[in-house]
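Please open the model in your viewer and keep the sequence panel beside it. The tour below moves from one selection to the next, saying at each stop what is to be found there.

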Amino acid sequence: MCGIVGIVGNQPVAGRLVDALKRLEYRGYDSAGVATLKDGAMERRRAEGKLFNLEKLLSEKPLAGEIGIAHTRWATHGVPNEINAHPHFVDGVAVVHNGIIENFAALKTELMAEGAIFTSQTDTEVVAHLLARYRREGLDGKAAMLAMLNRVEGAYALLVMFADEPEKLYAARFGPPLAVGHGRGEMFLGSDAIALSPFTHEITYLVDGDCAILSRDTVEIVDFSGKPVSRQKQISQAAAFMVDKGNHRHFMEKEIYEQPEVISHALSHYVDLAGLTVKPADPAIDFANLRGLAISACGTAYLAGLVGKYWFERYARLPVEIDVASEFRYREMPLSKDQAALFISQSGETADTLASLRYCRQEGLAIGAVVNVRESTIGREADAIFPILAGPEIGVASTKAFTCQLAVMASLAVAAGKARGLITAVEEQEMVGHLAEMPRIMSKVLNAIQPQMENLSRELSRFKDVLYLGRGTSYPLALEGALKLKEISYIHAEGYAAGELKHGPIALIDENMPVIVIAPHDRFFEKTVSNMQEVAARGGRIIFITDETGAKAARLDTMATIVLPDVAEIIAPMVFSLPIQLLAYHTAVFMGTDVDQPRNLAKSVTVE
Ligand code: F6R
């Protein structure tokens, strides 16, 4: 994940900016840069690789100035080199950016037609060119920012400095986090409060749709239409050495809201977001010639694998054998060398998953590890590592690791389908295009449904039992919804394939057991609606999680209907994960449980 920092200060900033970047190193990066402004002239230093390369450069060619911006880049569009490193400069405009500008290709074509010359391969450079264009047209910095923000689409945190406005820094957020730090005669901006902790603990967190204008003594925050908005200042507990909760009550909440940002990083490792193609998978797993795939994992990671099974079978026609690792390891499953095995684990240390891996190793299969911790045992023992790049997950209940695991599985399934000659170039572009839209859609959904989820959770916390239903890829989501709810709220919850309802669980239906149905308007929708009718006919209360088309089509009496935007089938599991996570989270908060460390559970299960 990229890291960004800015200071409008009363003493030289270059060294302090680099120190702040060091506190963001945990986010991962492959190049870095810093720009300052002095006497109306902006200068920058950028270097590929680790921060000591940038520090070395700065010691040889120091930068003066009491205002500046800096960046650690985790490459999404364009290779990690000095030219693509931020800050980007265009005609007196300097920009650093974390996230993805989705419509950059269209904007670039438009700007090039007007004569703009692009020097990098990044999506960020269009922001600098757009701002430069608006400044040429006579807009001041603030008006140019608002005009630009109304043109760009995607998920982004941006910092901007203008050479002719030497007292101001501009920032905007839609998706990735951004915090304002209030100093004495100085103001700061950073990706999180940890970066700013040596400067100040007085923090204002920007929310999506905020544009901030900072001077040494003032912070003005407006929405993208220019209307002033007020955001509270709070005292951060962040210390430089720790991962903090930001402005969230729990790590779990923070991790839920981080998903648009981390998913874009996960995706950019597997797909070319500019060309809308998948990158070929690690050659250690020869998807083109495989006869089958075995997947094994535990808990939430297993459920990510179960969604993956639907994708690999549908898009790559690759038969998938999947089981929870505690069973897989002892099943003595006949396997052959023309199969490969994938092991999914956030921690990379789960004992049963590791034992399953070792079983497959004995059987001579090529082994892939879908892990968050690359250096973990599972990562080290695999032939190919497929990192999920979710960043540290502190909450015991997995949220962002799950959706990043899904994003990786979706990308790999498309790569496998392409390698097996089953996905055409047009289909590939369409599917990757949908994946690329996902961070923006997730940001929007998180903002839109939060109040409804909180209200609904208050009601849900009164029940003792809950049933989750879904079909297709919504079936593993139903299992995940039930798992998430039971593990942190301690409410008894079960997930079922909707078609199984009448084979047993229907006996439980009454007004005391809400039935949460996950049903985007997909191929299975009508069938799931029939199951909902069966529930309604028996006095069951339905919480219906659907999309706009589904909400219009169903016309059922429900306890609540949660309406998400219509999204492509390949991204629905990630988008529909958001309401089930929020529902579990808020219910647990109402019940007063220890949300981040639920009873009896551990983050890493290294025993059988
Ligand atoms: C549930 C949860 C667990 C883990 C499981 C596997 O929210 O987090 O079910 O998914 O213990 O852990 P990893 O992914 O570390 O192998």
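**A sheet, two helices and a loop**

Begin by selecting residues 93-101 and 154-162 in this predicted model: these are strands β6 and β7, which run antiparallel and are joined by nine bridges. At one end of that selection, label Ile101, a residue that stands opposite Gly154 in β7.

Next, widen the selection to the whole sheet, which is open and has six strands in the order β5-β6-β7-β8-β12-β13, with antiparallel pairing. Its edges are formed by β5 (88-90) and β13 (219-223), each of which pairs on one side only. If you look along the sheet, bear in mind that neighbouring strands are turned by 20 degrees against each other on average, with direction ignored.

Now add the helices. Select residues 125-136 to show helix α4, which lies across β5, β6 and β7 and runs at about 135 degrees to β6. Then select residues 141-149, where helix α5 packs on the sheet and touches β7, β8 (169-174), β12 (210-214) and β13; the direction of α5 makes about 20 degrees with that of β8.

For the last stop, move along the sequence to Thr473, which is placed in the loop between β22 (465-470) and α15 (474-489). Is this loop residue, Thr473, buried or exposed? Its relative accessible area is 18%, so Thr473 counts as buried, the cut-off being under 20%. To see what surrounds Thr473, select Val307, Tyr310, Trp311 and Pro573, with which Thr473 is in contact once its neighbours within four places in sequence are left aside.

Methods: Residues are numbered from 1 along each chain as its sequence is written. This is a predicted model: local features need pLDDT of at least 70, side-chain atom pairs count only at pLDDT 80 or more; totals for chains, interfaces and linings use all residues. Side-chain values use heavy atoms; hydrogens and water are left out. Helices (H or I, at least four residues) and strands (E, at least two) are DSSP runs, numbered from the N terminus. Buried means under 20% relative accessible area, exposed over 50%, partly exposed in between (1.4 Å probe, protein chains only). Contact means heavy atoms within 4.5 Å. Two strands pair if DSSP finds at least two bridges between them. Axes are lines fitted to C-alpha atoms, for helices over the stretch in contact, and angles run from 0 to 180 degrees between N-to-C directions.
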